[in-house]
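Me: Please give me a close look at one part, the largest pocket. Begin with the confidence of the model.

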Amino acid sequence: MSPLLLGSIAAIVLPLSFITWSVVGTDRSARKMIVRNLGLAHEEASKSTSVPAALLNASRKLTPNRYSAWLDRKLAGAGRPKAWPLGRVLAVKPLLAFVGFVLGFLLFVKNPSPQLFLVMVAITAVAYFLPDILLSNTAQKRRQAMQIALPNMLDQMLISVEAGIGFEGAMDRAAHNSSGPLADEFVRTLQDIQVGRARREAYQDLAARTSFPELRSFVRSIVQADQYGIAIANVLRSQAVEMRIKRRQRAEEHAMKIPVKILFPLIFSILPALFVIILGPTIFSIIKMFG
């Protein structure tokens, strides 16, 4: 048999064999499991939202796109609470504004005046932006918790890297040995990398979600070390030292602010009561003597 004929047969048989093996030998149970989990997640998301479709569509049309994107970033900073997805927040805001308007209108009808009209407008505005205020407060507390936990997380990652574990393995170990918002963010970043996202994009997304200077500095250092081939242990060591110094400086700053914060309660609450207790009997004695 000529080599040309053998090559022709191989060119036909080998691709057909590969296609048959790909179709028959593929494990479809994992695919079915993924599809089922995605369906359950979609059902849970729809149940957790529990907002009428008409109200949700109307709120999305009335809300500007930039404002919706800003709210989505606020939700990301607050950790995306499961009970408050973006659709529910957008639907609740007009309802709160309507309730605030009704309360303000009732006050205005009883005694019409320019002052009460301004009060009605203020109540409506505060009710509309109340979810924004709550989200900002939640995001701020979450950032403070992450700032406190970051030096300890870096120390754990440094110990793991020096023991011979890779950077992502060290991040995974530190995240599972800890609890709190920073551990959750590390787990989400690792999940992004596992599903095929680029490391640099996953780290930058981590910095964008958390949005505080210390973690942004850490992410920049990690990205630069990955680009230029710098030893990751040295980067973690320097970052851990810097984070501990910054945490001590923040504690000293808060301690220096305490006298200023207690000044007004001291003047208006503590000193008057102290003067009454100390000078009260003396004043009564003087009044009784001259009376």
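Reply: Over residues 40-49, pLDDT (the predictor's confidence in each residue, from 0 to 100) stays under 50. The model has four contacts (heavy atoms within 4.5 Å) beyond four places in sequence for this stretch. Residues 20-28 also stay under 50, with three such contacts. Where pLDDT is low, predicted coordinates should not be read in detail. The protein's mean pLDDT is 77, and 80% of its residues reach 70 or more.

This is a predicted model: local features need pLDDT of at least 70, side-chain atom pairs count only at 80 or more, and totals for chains, interfaces and linings use all residues. Numbering runs from 1 along each chain as its sequence is written, and side-chain values use heavy atoms, without hydrogens or water.

Now the pocket. On a 1 Å grid over the protein atoms alone, a pocket is an open set of points where a 1.4 Å probe fits, with protein on both sides within 12 Å along at least five of seven lines. The volume of the largest one, the space filled by probe spheres set on its points, is about 280 Å³. Its lining (residues with an atom within 4 Å of a point) has 14 residues. Arg73, Lys74, Gly77, Ala208 and Arg209 lie nearest the centre. Helices here are DSSP runs of H or I, at least four residues, numbered from the N terminus. The largest share of the lining, six residues, comes from α4.

How values were computed:
Helices (H or I, at least four residues) and strands (E, at least two) are DSSP runs, numbered from the N terminus.
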